[in-house]
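Subject: The structure I promised you

Hi,

Here is the structure I said I'd pass on. Have a look at it first, and then read on for what turned up.

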Amino acid sequence: MVKRRSSLSKNVFIVYIYKQNHFIQRNCSIFVCFHKNQLLVKIEDIELGEFPILLAPMEDVTDPPFRYVCKLFGADLMFTEFISSEGLIRDADKSVKKLDFDEFERPVGIQIFGHNIDSMTKAAQYAERANPDLIDINYGCPVRKVVAKGAGAGILNDIPKMIRMTEAVVNAVKLPVTVKTRLGYDEEHKEIVEIAERLQDVGIKAITVHGRTRTQRPRIPADWTLIGEVKNNQRMHIPVFGNGDVTDPVTAKHFKDTYGVDGLMIGRAVYGNPWIFRDIKKYFEAGELTPTPDIQERIRVSKIQLERSCIWKGERRGIMEIRKHWGNYFKGYPHFKPFRQKLMETDTLEGVHKVLAEIEEFYA
Ligand SMILES: Cc1cc2nc3c(=O)[nH]c(=O)nc-3n(C[C@H](O)[C@H](O)[C@H](O)COP(=O)(O)O)c2cc1C
């Protein structure tokens, strides 16, 4: 391999990689580290492995206890749920509580959103004091209330402001700043290739692209072609992660092989399935599909999440927090409804353990 410094920017190299019988030229600040002759993906100093699998931020889903179990099964980078910059700088309890993470989760990013540049820079500084590994900006939330204010994916309507806001946040903090966004605002404005370049130019250290526009509904299949174009743009030298419709190890491999991204981010397929990170990695390494976890394993792992939930919020609140996850853990089990009902009504740890024991006995 030949390596020489290019004129692109201070830490960017042109690297020639020998792959599939020919050399590929890459402008590259990410593949700077070798491990067992493999190149590692990095966000500044944060090493993420050869092909990182990221847990997508999901409001009301990816709370610290759930992230804990995802980490157990190999999530390489995780994020808090999105946090309102306005809420954060006003010390709103709900927003501040979302800053919580466990040391075990590292590397972890705090994700913020907002429409006001000043509030966003202050919120980024506030988030930085919680000592995460990076700050992520949400430019992807399609929810009407958020978009109407010009936050989340709403900012895709005003690219110059998006660039100014990003630059201001990058300059306001010492931590690396990353962005999660979409292909563009709508079908007529799929501008992500240019947007990604401009965001890189103002200093972001990685980008995740969700393969939909703001106006596309989740039932429309994610379009990975443009995600691939972002990655294959010769000017891009930061990691590009693809997101949208990774459902299992086979789709993960398809997106990995077809679009050349640096890693994948997984959202909905993780519901009740923290094992997916391990399963995908095993499939990449050995081509083997792992059988779905049996009832004992589901109970074992959901108990870990329950325990973390109670450590995080105390017994009663912890039990309430995990309630929304029970249905996911036992999805597809016939006649589960009465058990679910009991899990929803029980508010002591002893009671929950009793119901879990009944579930195990019933389905074993
Ligand atoms: C319930 C739910 C909540 C979400 N909350 C967030 C969020 O807080 N921040 C964010 O960037 N994206 C959020 N998203 C979008 C996901 O991170 C992801 O981009 C989207 O689900 C597509 O990926 P998937 O096909 O793997 O699910 C959310 C999605 C869902 C379904």
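Strand β13, residues 177–182, is mostly covered: six of its six residues are buried. V177, V179 and T181 point one way from the strand, while T178, K180 and R182 point the other way. Keep in mind as you look that this is a predicted model.

So who are the neighbours of β13? One is β12 (residues 134–139), which pairs with β13 in the parallel sense over five bridges. If you want a spot to click on, find Y139, whose bridge partner in β13 is T181. Another is β14, which runs parallel to β13 and is joined to it by five bridges. There, K180 stands opposite T208. To get from β13 to β14 the chain passes through α7, and this β-α-β crossover is right-handed.

You can find a similar story at β16, residues 263–266. G263 and M265 point one way from that strand, L264 and I266 point the other way, and all are buried. Strand β8 (residues 53–55) runs parallel to β16, with three bridges joining the two, and L55 stands opposite I266. β15 also pairs with β16 in the parallel sense, again over three bridges. In that pairing, N243 has M265 as its bridge partner. The chain crosses from β15 through α9 to β16, in another β-α-β crossover that is right-handed.

Now for a helix. Which residues of α8 (residues 225–232) are buried? They are L226, I227, V230 and K231. These four cover an arc of only 150 degrees around the axis, which puts them on the same side of α8. The spacing makes sense if you remember that an α-helix has 3.6 residues a turn, so residues three or four places apart point the same way. And what do the buried residues of α8 pack against? The answer is two helices and two strands you have partly met already: α7 (192–201), β14 (206–210), β15 (240–243) and α9 (249–259).

There is a ligand in the model too. It is surrounded by 21 residues, and the closest are A56, M58, F82, G267 and R268. Sorted by class, the shell around the ligand has nine nonpolar, seven polar and five charged residues.

For a contrast with the buried strands, go to P291, which you'll find in the loop between α10 (276–286) and α11 (295–313). Is P291 buried or exposed? P291 is exposed, because just 6 other C-beta atoms lie within 10 Å, and a residue counts as exposed at 12 or fewer. You can also try a distance check here: P291 and D279 are 12 residues apart in sequence and 9.0 Å apart in space, C-alpha to C-alpha.

Finally, a few numbers for the whole protein chain. There are 14 helices and 16 strands in it. Buried residues make up 44% of its 364 residues. Looking at contacts with a separation of 6 or more, 62% of them are between residues 24 or more positions apart.

I'd start with β13 and its partners, then turn to the ligand. Write back if anything is unclear.

Cheers

Methods
Residues numbered from 1 in each chain as written. Predicted model: local features only at pLDDT ≥ 70, side-chain atom pairs only at ≥ 80, totals over all residues. Near = placed C-beta within 6 Å. Nonpolar A, V, L, I, M, F, W, Y, C, P; charged D, E, K, R; others polar. Buried ≥ 20, exposed ≤ 12 C-beta atoms within 10 Å, placed from the backbone. Arc of directions from axis to C-beta. Contact = placed C-beta atoms within 7 Å. Pairing = 2+ DSSP bridges. Right-handed = clockwise from strand over helix to strand, strands pointing away.
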